[in-house]
Amino acid sequence: MTTTATATVMCTAAMAIPPSQFSHYTDTKPFNWNPTALNPHRHLLLSRFPNRRFSVDEIRSPARRRRRRGHGVVARAAGSERRVMDERVRRVVQVGLWVMEGVYVFWLFFLPFAPGDPVWAISSETISSLLGLSLNFFFILPAVNSVGFHLMEAQVLHPMSEGLFNFVVAWTLMFAPVLYTDWRRDRYTGSLDVLWGFQMFLTNTVLIPYMAIRLNEADPENSNSKPSKLGSLMFNGAPVVGLIGGAVSIVSILWAIYGRGDGDFGSVSERWEFLISYLGSERLAYAFIWDIVLYTVFQPWLIIDNLQNVRRSRVGIVKYLGFVPVLGLVAYLLCLDKEDEQ
């Protein structure tokens, strides 16, 4: 197509546009694409220093730079305020845990106001019952006697007291791998082996202080990252510990309801009445109720804090099951990431 033909087509197209619409195209002011008008500061810099390359922040106008600096100051101030708030919450929680430790020890061990005898006035019957419960640990001795081995005879105790005792002990056992995989365990400068050993006998008497100490600020000079032999055993055998603890917990509940059916321990309702009376008369049973309540609080706390130790595909289910007593610990121990180095 020649130049003359092209001009003819363009003129014909223009004549086809009605005058009312044609004025719309002619009256509208074109958008100003002149960068000088949009940003005089940029034009000034480029005119004074034509051969220099400027950063984006330098080309921005002073007003825009002030606004960006203002936003940065506000963001830093907000972050600092959050850190201060987190620090205050941490201190309040830590003080609350130490207060709880004092109440737990004095109320359950020394003061005479709780049900049962304090430690300084403990009766021989309570000591005998405690020894019998310890001998029937995890129902091993009653099971051995039931299959014909009578090298040592298990004491015949009320199945409700045996079930409650072994339920709490099984739950305590499952806390061991959690302590050895806790990312805050370095705050505790003592031996985790000794700590867990005492926890098996004194439960929350030693766990509450650990929960308070783990909130301390990290000290680079005190590193306890190298696991002990017991710690390595608990880490590698965490699924076994979880299965044993979970199985004993289930057996404890069933034993409390149906155990020793050939004895004179009554029906389910009668056993429930014994449990209520037992909790209101024995200091050990009363302390177990405290332990169950505190374990219900500490279990999800520790699990949620250590979800990075769980296999990625199982994080979601462990997170939600962590709030279910006993079951949450079983899920955590079964789903630990074995490829993660301690």
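## The cavity beside α7

Of the residues around the largest cavity, the biggest share comes from α7, which gives three. This is a predicted model, and a search through the whole of it turns up one cavity of 30 Å³ or more. The space inside amounts to about 40 Å³.

Which residues line the largest cavity? They are Thr-126, Ser-129, Leu-130, Tyr-278, Glu-282 and Leu-284. Sorted by class, this lining has three nonpolar, two polar and one charged residues.

## The largest pocket

Let's move on to the open spaces. The largest pocket holds about 700 Å³. There are 23 residues in its lining, and those closest to the centre are Leu-130, Phe-201, Leu-202, Leu-284 and Phe-288. Two of these names may look familiar: Leu-130 and Leu-284 also line the largest cavity.

Which elements give two or more residues to the lining of the largest pocket? They are α6 (62-110), α7 (124-135), α9 (159-181), α10 (192-202) and α15 (283-305). The largest share belongs to α15, with five residues. As for chemical character, the lining of the largest pocket has 16 nonpolar residues, together with four polar and three charged ones.

## The second largest pocket

The second largest pocket comes to about 210 Å³ in volume. Its lining is made up of Met-160, Gly-163, Leu-164, Phe-167, Ser-252, Ile-253, Ala-256, Ile-257, Leu-275, Leu-279, Ile-289 and Ile-292. The elements that provide two or more of these residues are α9, α13 (238-258), α14 (268-279) and α15. Both α9 and α15 are thus also on the list for the largest pocket.

How many charged residues does the lining of the second largest pocket have? There are no charged residues here, while ten are nonpolar and two are polar.

## Where α9 meets α14

Two of the helices around the second largest pocket, α9 and α14, also pack against each other, at an angle of about 65 degrees and with 9 Å between their axes. The crossing of α9 past α14 is right-handed.

On the α9 side, the contact is made by Pro-159, Met-160, Ser-161 and Leu-164. Facing them from α14 are Arg-271, Trp-272, Phe-274, Leu-275, Tyr-278 and Leu-279. By class, this contact has eight nonpolar, one polar and one charged residues. Several of the names return from earlier: Met-160, Leu-164, Leu-275 and Leu-279 line the second largest pocket too, and Tyr-278 is part of the lining of the largest cavity.

## Salt bridges

Side chains of opposite charge can pair when their charged atoms come close. In this model, the count of salt bridges is six.

One of them joins Glu-87 to Arg-90, whose closest N and O atoms are 2.4 Å apart. Where do Glu-87 and Arg-90 lie? Both belong to helix α6, with a spacing of three residues, about one turn of the helix. Helix α6 is also among the elements that give two or more residues to the lining of the largest pocket.

Technical notes: Residues numbered from 1 in each chain as written. Predicted model: local features only at pLDDT ≥ 70, side-chain atom pairs only at ≥ 80, totals over all residues. Heavy atoms only, no water. 1 Å grid on protein atoms, 1.4 Å probe; cavity = no way out; pocket = protein on both sides within 12 Å on 5 of 7 lines; lining within 4 Å. Points joined across faces, edges and corners; volume = space filled by probe spheres on them. Helix = DSSP H or I, 4+ residues; strand = E, 2+ residues; numbered from the N terminus. Nonpolar A, V, L, I, M, F, W, Y, C, P; charged D, E, K, R; others polar. Axes fitted to C-alpha atoms, helices over the stretch in contact; angles between N-to-C directions. Left-handed = near helix turned anticlockwise from the far one by under 90°. Contact = heavy atoms within 4.5 Å. Salt bridge = Lys/Arg side-chain N within 4 Å of Asp/Glu carboxyl O.
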